[in-house]
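Here are a few short exercises to work through with the model open beside you. Try each task before you read its solution.

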Amino acid sequence: MSSTSPSDILLDATPKSPTAPHTWPPEHEDTKSRAPEFYGFVAWTSTYLAFVLYLLWGLLPDEWIVWTGVTWYPNREWAILIPSWTVVLVITTYIVYSSIAIRATPAFDEMNSLTDARISVPSRTDSGENPYISALEPNAIPELYDMPIGMVNRVLYRNDKDRSSKT
């Protein structure tokens, strides 16, 4: 007869359900891969090294660059042109995307500014009753559908119209 202590039950690492994927006790840190840390460090240092080389290429006199043994390098005007063209490209991208969005926007007098091709309007039932009215019954759970803008305006602005006709 074997006795099971409560600590054995708590420290049991066998999976109990498919919704509990994590093992207990947690994995020790030494068993995890540290490769992302090394990749991040290499990316960080190579970025700084490339920036320092870019600054040296752009700022050092020609004699010093030739003295280091480099016999060919791009013209110095590219040190200014590349960042300038990059800034212009980013600004142009923003302007083009904004222009495309404005061009795709329908005019105020078009019906497309109120609805689209995915509209879901209910049809009358077989008995001929209006599905909008049947949704007003007590304890009714209405279907999910779009309401025509004319009906929305009648409900929202009916009192204003009645008040203006009484004056």
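**Exercise 1. Find out how far the predicted model can be trusted, and where confidence is lowest and highest.**

Solution. Start with the whole chain: this predicted model averages a pLDDT of 80, and 74% of the residues score at least 70. Next, go element by element. Helix α1 (residues 6-10) has the lowest mean pLDDT, 61, while α4 has the highest, 95. Keep one caution in mind: where pLDDT is low, predicted coordinates should not be read in detail.

**Exercise 2. Describe the fold and how much of the chain is buried.**

Solution. First, list the secondary structure: the protein chain has six helices and zero strands, so the order from the N terminus reads α-α-α-α-α-α. Then turn to burial. Of the 167 residues, 5% count as buried, the cut-off being under 20% relative accessible area. The accessible surface comes to about 15700 Å², and 65% of that surface belongs to carbon and sulfur atoms. Finally, look at contacts between residues at least 6 apart in sequence: 22% of them join residues at least 24 apart.

**Exercise 3. Compare the annotated transmembrane regions with the model.**

Solution. Begin with the record: an unreviewed UniProt entry places the feature "transmembrane region" at residues 38-58 and 78-97. Now check each span in the model. Residues 38-58 are 100% helix and 0% strand, with end C-alpha atoms 30 Å apart. Residues 78-97 are also 100% helix and 0% strand, and here the end C-alpha atoms lie 28 Å apart.

**Exercise 4. Locate the salt bridges and say which parts of the chain the Asp62 pair ties together.**

Solution. Recall the principle: side chains of opposite charge can pair when their charged atoms come close. The structure holds two salt bridges. In one, Arg34 pairs with Glu37, their closest N and O atoms being 3.0 Å apart. Glu37 is partly exposed, at 49% relative accessible area. In the other, the side chains of Asp62 and Arg76 meet at 3.0 Å, N to O. Asp62 lies in helix α3 (residues 62-67) and Arg76 in the loop between α3 and α4 (78-104), so this pair ties together parts that are 14 residues apart in sequence. Both partners are partly exposed: Asp62 has a relative accessible area of 38%, and Arg76 has 23% relative accessibility.

**Exercise 5. Which residues make the nonpolar surface patch of about 480 Å²?**

Solution. Look for nonpolar side chains on the surface: Phe41, Val42, Trp44 and Tyr48 make this patch. To place the patch on the chain, take one of its members: Val42 lies in helix α2 (residues 35-59).

Terms used
Residues are numbered from 1 along each chain as its sequence is written. Side-chain values use heavy atoms; hydrogens and water are left out. UniProt positions are given in the numbering used here, feature names are shortened, and annotations may be inferred rather than shown by experiment. Helices (H or I, at least four residues) and strands (E, at least two) are DSSP runs, numbered from the N terminus. A salt bridge is a side-chain nitrogen of Lys or Arg within 4 Å of a carboxyl oxygen of Asp or Glu. Buried means under 20% relative accessible area, exposed over 50%, partly exposed in between (1.4 Å probe, protein chains only). Patches are made of residues with over 30% relative accessible area and no salt bridge: like charges are joined within 9 Å, nonpolar side chains (Val, Leu, Ile, Met, Phe, Trp, Tyr) within 5 Å. Accessible areas come from the Shrake-Rupley method with a 1.4 Å probe; for residues, only the protein chains shown count as cover. pLDDT is the predictor's confidence in each residue, from 0 to 100. Contact means heavy atoms within 4.5 Å.
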